[in-house]
Amino acid sequence: MIKRGGMFYTARLDSTGAFLRSVFYGKDWKHHPFRPYMDPAVPEVAGNLPPVYLVTAKLDNLRNYTLDFVKGLKKAGIPYTLTDLPF
C-alpha cells in the first residue's frame, strides 16, 4: 500500500507551523496530548516508520521540512530515498 502525505513540523515557530498548529490543535496546542509528537523526526515517530520515499524541489515551500525530516530518518536508522528536484 502506498500512502501519500506531508510530514509537517507543526510546532515550529514559522508561518506554516503556526497555521497548522491552529488548524490541527486549536489555541491550547501547548497542552494537546499530541504535543510530544508534533515533530515528525522525534524517535517515537520516525523510528516507527517503514522505508520512506520523499520528493521535494528547489521551489517547494516545504523543502526545508523535507530535508530536516531526512535527518530524523537517518538518526532513527530508517531507510529512505530522497528525490530533490532542481526546479
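Start by selecting Asp68, which is partly exposed, with a relative accessible area of 23%. That value keeps Asp68 out of the buried class because buried means under 20% relative accessible area. Keep in mind as you click around that this is a predicted model.

**Around Asp68**

With Asp68 still highlighted, show the element that holds it: helix H3. Next, bring up the side chains of Tyr9 and Arg12. Asp68 touches both of them, leaving aside residues up to four places away in sequence. Now add Ala41 and draw a C-alpha to C-alpha distance from Asp68. You should read 7.8 Å in space, for a pair that is 27 residues apart in sequence.

**The two strands**

Select residues 52-57, which are strand E1, and residues 80-85, which are strand E2; the two pair in the parallel sense over 6 bridges. To follow the path between them, trace the chain from E1 through helix H3, residues 63-76, and on to E2; this β-α-β crossover is right-handed. The helix you pass through here is also the home of Asp68. For one position within the pairing, pick Tyr53: opposite this residue stands Thr81 in E2.

**A nonpolar patch**

Turn on the surface and select Phe19, Val23 and Phe24. Together they form a nonpolar patch there, with about 320 Å² of accessible area. Then narrow the selection to Phe24, which lies in helix H1, residues 15-25. How exposed is Phe24? Phe24 is partly exposed, with a relative accessible area of 46%. That is enough for a patch, because patches are made of residues with over 30% relative accessible area and no salt bridge.

**Zooming out**

Clear the selection and colour the whole chain by secondary structure. You will find 3 helices and 2 strands, and from the N terminus on they run α-α-β-α-β. In cartoon view, the C-alpha trace spans about 35 × 30 × 25 Å along its principal axes.

Switch to a surface view of the chain. About 6,300 Å² is exposed, and carbon and sulfur atoms supply 59% of that area. Colouring by burial instead, you would see buried residues making up 28% of the 87 residues in the chain.

For a last stop, open a contact map. Among contacts between residues at least 6 apart in sequence, 60% join residues at least 24 apart.

Technical notes. Residues are numbered from 1 along each chain as its sequence is written. This is a predicted model: local features need pLDDT of at least 70, side-chain atom pairs count only at pLDDT 80 or more; totals for chains, interfaces and linings use all residues. Side-chain values use heavy atoms; hydrogens and water are left out. Two strands pair if DSSP finds at least two bridges between them. Helices (H or I, at least four residues) and strands (E, at least two) are DSSP runs, numbered from the N terminus. A crossover is right-handed if, with the strands pointing away from the viewer, the path from the first strand over the helix to the second runs clockwise. Patches are made of residues with over 30% relative accessible area and no salt bridge: like charges are joined within 9 Å, nonpolar side chains (Val, Leu, Ile, Met, Phe, Trp, Tyr) within 5 Å. Accessible areas come from the Shrake-Rupley method with a 1.4 Å probe; for residues, only the protein chains shown count as cover. A salt bridge is a side-chain nitrogen of Lys or Arg within 4 Å of a carboxyl oxygen of Asp or Glu. Buried means under 20% relative accessible area, exposed over 50%, partly exposed in between (1.4 Å probe, protein chains only). Contact means heavy atoms within 4.5 Å.
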